[in-house]
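Thanks for coming. I have one structure to go through today, so please bring it up on your screens and follow along.

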Amino acid sequence: MFKHTEHISNKDRLAQTRALLDFGLAEVCSGIEMIQAAKMANNRALAAGFIRHALDEYRHAQIFNHISTTVAKRYGLVGLNRYLSLNAYDKRYLDRSAFLFEKMSLGQFSIFVHISENHAATHFCKIIEKNNIFNNEEIDQLKSILED
């Protein structure tokens, strides 16, 4: 899945590192949605599941951010900006008017989350496979996110 490539331009490295930061932002926003769903759930077990999902999302975001920082230092990449909360709205990861669980039934929300997770994993693989700028430890961490 992950290929090592010797000749990667800094432009490509920067693009991949920015993609990791973007995935990190998406994971944080997903965690926010899960916490909101937990607050609104009428069932304790369901709420606990949403909280566990949120914790996974926050852990994934931390991994993406850590790897992007490490890669940027390793290759001397400049021009990377940490995400701002405003970007969550600009990129439409969060809706200012309502949380997903407020707009959807439980069934719709569950289907949306499932489809979104699958789409994100597919998109993530395509971005990462372009050129591999990661060391073996980072690859293992990224694979662990895909397994989650």
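I'll start with Arg 59, which is partly exposed because its relative accessibility is 32%. Keep in mind throughout that this is a predicted model.

Which residue does the side chain of Arg 59 meet in a salt bridge? The partner is Asp 56, with an N to O distance of 3.5 Å. Asp 56 has a relative accessible area of 31%, so this residue is partly exposed as well. Both residues sit in helix α2, three residues apart, which is about one turn of the helix.

How many salt bridges does a search of the whole structure find? The number is four, and I'll show two others.

One of them joins the side chains of Arg 74 and Glu 138, at 2.6 Å from N to O. This pair links distant parts of the chain, since Arg 74 is in helix α2 and Glu 138 is in helix α6, with their positions 64 residues apart. Buried or exposed, what is Glu 138? Its relative accessible area is 4%, so Glu 138 is buried. Arg 74, on the other hand, is at 36% relative accessibility and therefore counts as partly exposed.

The other one is between Asp 95 and Lys 103, where the side chains meet at 2.7 Å, N to O. Asp 95 has 33% relative accessibility, so it counts as partly exposed. Lys 103 has a relative accessible area of 44%, so that residue is partly exposed too.

Now for charged residues without a partner. Glu 57 is in helix α2, and Glu 27 is in helix α1. Glu 57 is buried yet has no salt bridge. The same description applies to Glu 27: buried, and no salt bridge. Where is the nearest side chain of opposite charge to Glu 57? That is Arg 59, 8.1 Å away. For Glu 27 the nearest side chain of opposite charge is again Arg 59, at 8.2 Å. A salt bridge here needs a nitrogen to oxygen distance within 4 Å.

What does Glu 57 touch, if we do not count residues up to four places away in sequence? The list is Glu 27, Ser 30, Gly 31 and Glu 117. With sequence neighbours left out in the same way, Glu 27 touches Glu 57, His 60, Ala 61 and Phe 64. Those two glutamates are therefore on each other's lists, with contact meaning heavy atoms within 4.5 Å.

Phe 64 takes us to the nonpolar interior. The largest nonpolar core has 19 residues, and the members that touch the most others are Leu 20, Phe 64, Ile 67, Phe 124, Phe 134 and Leu 142. Helices α1, α2, α5 and α6 each supply at least two residues of this core. Which helix gives the largest share? Helix α2 does, with five residues.

Take Phe 124 as an example from that core. Beyond its neighbours within four places in sequence, Phe 124 is in contact with Leu 20, Phe 23, Phe 64, Leu 142 and Leu 146. Apart from this core lies another, of eleven residues, including Ala 47, Phe 101, Phe 109 and Val 113.

Two of those names, Phe 101 and Phe 109, come up again with Ala 37, which is in contact with both of them and with Phe 50, sequence neighbours within four places aside. Ala 37 is placed in helix α1. Its relative accessibility is 0%, so Ala 37 counts as buried. Between the C-alpha atoms of Ala 37 and Ile 8 there are 42 Å, for 29 residues along the chain.

Compare a residue in a loop. Asn 81 is found between α2 and α3, and at 63% relative accessibility it counts as exposed. Asn 81 and Arg 13 are 68 residues apart along the chain, and their C-alpha atoms are separated by 14 Å.

Last, the surface. Ile 35, Ile 51, Leu 55 and Tyr 58 form a nonpolar patch with about 330 Å² of accessible area together. Which helix gives the most to this patch? It is helix α2, residues 44–75, with three residues. Ile 51 is in that helix and has a relative accessible area of 38%, so it is partly exposed.

Conventions:
Residues numbered from 1 in each chain as written. Predicted model: local features only at pLDDT ≥ 70, side-chain atom pairs only at ≥ 80, totals over all residues. Heavy atoms only, no water. Patch = residues over 30% accessible without salt bridge, like charges linked within 9 Å, V, L, I, M, F, W, Y side chains within 5 Å. Areas by Shrake-Rupley, 256 points an atom, 1.4 Å probe, with all protein chains shown as cover. Helix = DSSP H or I, 4+ residues; strand = E, 2+ residues; numbered from the N terminus. Buried < 20%, exposed > 50% of the residue type's maximum accessible area, 1.4 Å probe, protein only. Lys, Arg positive; Asp, Glu negative; His and termini not counted. Core = buried A, V, L, I, M, F, W, Y, C linked by side-chain atoms within 4.5 Å.
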